[in-house]
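Me: I would like a careful look at one part of this protein, with enough of its surroundings to place it. Please describe it step by step.

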Amino acid sequence: GEIDYSQLEVIVQGWLTGDVNMRKDIVKGVDFHCKRLGYKLNEDYESVKQKAKDETNEFYPSYSVQRTGIKEFSFQRAYGAGAPAISEATGIDIDEIKQLIEDEKVMYPAIEKFNAGVAKAVGSSRIPTDDTIYTKAGPATIGRGEWFSPTGTRYTFRESEAPEFLVKRGTKVSFSPPDLKNYPIQGTGGEVVQMVLGKLFRHYIRNDRYGNRALLVNTVHDCVWFDYKKEVRDEVMNDAIRIMQAIPYFLKQTFDIDCGVLFRVDAECGPNMLELKHYHSEYYL
């Protein structure tokens, strides 16, 4: 069986940025890729969702492809990529990418404010190191800065040669803008998965691995793999779904954090990794 978090990067963005619109959409279970596509096309969200996800809809082939492009845009944005890099990765025209970025600023304005806050924290905590690099503009001393996540995790950033547009302004070294945007989101998402793995492991130990009929197998990015005997499948899957979705309660209990979002999961099961089908559960949020 496999259980993975749905749109984990977006969920973490909603938590860390505190964006009111994004949090509302997360709680409502909005498909962010369809919403962005609807905004781009100036079409109603529900209409776009039906066209992009209902295989019987006559517009499905076209809208499904467009949604996939928007999905890749969303992931690239979460990774901190700029317009040129996203355009190269997705094949979408750079002017269209720039418009999608402007649309995002209108839909979820707190994202940009959060990114600016991270950059300010890292810049204000900057201290010089003993390292010197030789840039196109000459030798420069590397600095180090840091940002702390709500859980207290410290992220340390090191300067590198500044991008061309900053070099033209006389700046030799700088903190990487993509790293500043990417590390807090990806790092905190990874931290969430590690937290839940601890919860799952302790649950398995307390329950004697369901009478030695179930095992935690592996984790890949935002998903967890399970192996179990058929007779305990429903118990194993439903227990895991409840535990993995309980992250907000764990954050409140452990760190006194009100994250303001829901951590939904999707589960699949089957005889092997190639033949997985959606697992129906009454415990989905």
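What follows should start from the open sheet of 5 strands and then work outwards to the elements around it.

Reply: The model is predicted, and the description below should be read with that in mind. The sheet in question is open, its 5 strands follow the order β7-β8-β1-β9-β10, and their pairing is antiparallel. The edges are taken by β7 and by β10 (277-278), and because each of these has a single partner strand, one side of each is left without a neighbour in the sheet. Further in, strand β1 (residues 2-5) pairs with β8 over 3 bridges in the antiparallel sense, and within that pairing Asp4 stands opposite Cys223 in β8. Helix α12 (residues 233-245) packs on this sheet, where it touches β1, β7, β8 and β9, and its direction makes about 160° with that of β9.

The pairing of β7 (residues 214-220) with β8 (residues 223-228) is also antiparallel and runs over 6 bridges, with Asn218 standing opposite Trp225 in β8. These two strands form a hairpin that has 2 residues between them. One residue of that turn, His221, has a positive phi of about 55° although it is not a glycine. His221 counts as partly exposed because its relative accessible area is 48%, which falls between the limits of 20% and 50%. A positive phi is also found at Asn212, about 60° and again in a residue that is not a glycine; Asn212 lies in helix α11 (residues 208-212). Asn212 is classed as exposed because its relative accessible area of 58% is over 50%.

Moving to the other side of β9 in sequence, the loop between α13 (247-255) and β9 (265-269) contains Cys259. With a relative accessible area of 3%, Cys259 is buried. If residues up to four places away in sequence are not counted, Cys259 touches Trp15, Arg23, Pro248 and Leu251. Pro248 is 11 residues from Cys259 in sequence, while their C-alpha atoms are 6.3 Å apart in space. Of the other contacts of Cys259, Trp15 falls within α1 (8-17) and Arg23 falls within α2 (residues 20-28), and these two helices lead to the next part of the picture.

In helix α2 the buried residues are Met22, Asp25 and Ile26. They cover an arc of only 100° around the axis and therefore lie on the same side of α2. The face turned away from that buried side carries the exposed residues Val20, Lys24 and Lys28. Among the elements that cover the buried residues of α2 are α1, α3 and α8 (110-124).

Two of these covering helices, α1 and α8, also approach each other: their axes come within 9 Å and cross at roughly 70°, so that α1 is roughly perpendicular to α8. On the α1 side the contact is made by Gln13, Leu16 and Thr17, and on the α8 side by Ala110, Ile111 and Phe114. Sorted by class, the residues of this contact are 4 nonpolar and 2 polar, with no charged residues.

The remaining covering helix named above, α3 (residues 32-41), has a contact with α7 (residues 94-107), and the axes of this pair come within 10 Å and cross at roughly 110°. Helices α3 and α7 are therefore roughly perpendicular to each other. From α3, the residues Lys35, Arg36, Tyr39 and Lys40 meet Glu96, Leu100, Asp103, Glu104, Val106 and Met107 of α7. This contact divides into 4 nonpolar and 6 charged residues, with no polar ones.

A further sheet can be set beside the one that opened this account. It is open as well, with 3 strands in the order β2-β3-β4 and antiparallel pairing. Its edge strands are β2 (127-135) and β4 (154-158), each of which pairs on one side only, and the twist averages 25° from one strand to the next. Strand β3 (residues 138-148) and β4 are antiparallel and joined by 5 bridges, and Trp147 has Tyr155 as its bridge partner in β4. Helix α10 (residues 177-206) packs on this sheet, touching β3 and β4, and its direction makes about 150° with that of β4.

Technical notes: Residues are numbered from 1 along each chain as its sequence is written. This is a predicted model: local features need pLDDT of at least 70, side-chain atom pairs count only at pLDDT 80 or more; totals for chains, interfaces and linings use all residues. Side-chain values use heavy atoms; hydrogens and water are left out. Axes are lines fitted to C-alpha atoms, for helices over the stretch in contact, and angles run from 0 to 180 degrees between N-to-C directions. Helices (H or I, at least four residues) and strands (E, at least two) are DSSP runs, numbered from the N terminus. Angles under 35 degrees count as roughly parallel, over 145 as roughly antiparallel, 65 to 115 as roughly perpendicular and the rest as oblique. Contact means heavy atoms within 4.5 Å. Ala, Val, Leu, Ile, Met, Phe, Trp, Tyr, Cys and Pro count as nonpolar, Asp, Glu, Lys and Arg as charged, and the others, Gly among them, as polar. Two strands pair if DSSP finds at least two bridges between them. Buried means under 20% relative accessible area, exposed over 50%, partly exposed in between (1.4 Å probe, protein chains only). The arc is that of the directions from the helix axis to the C-beta atoms.
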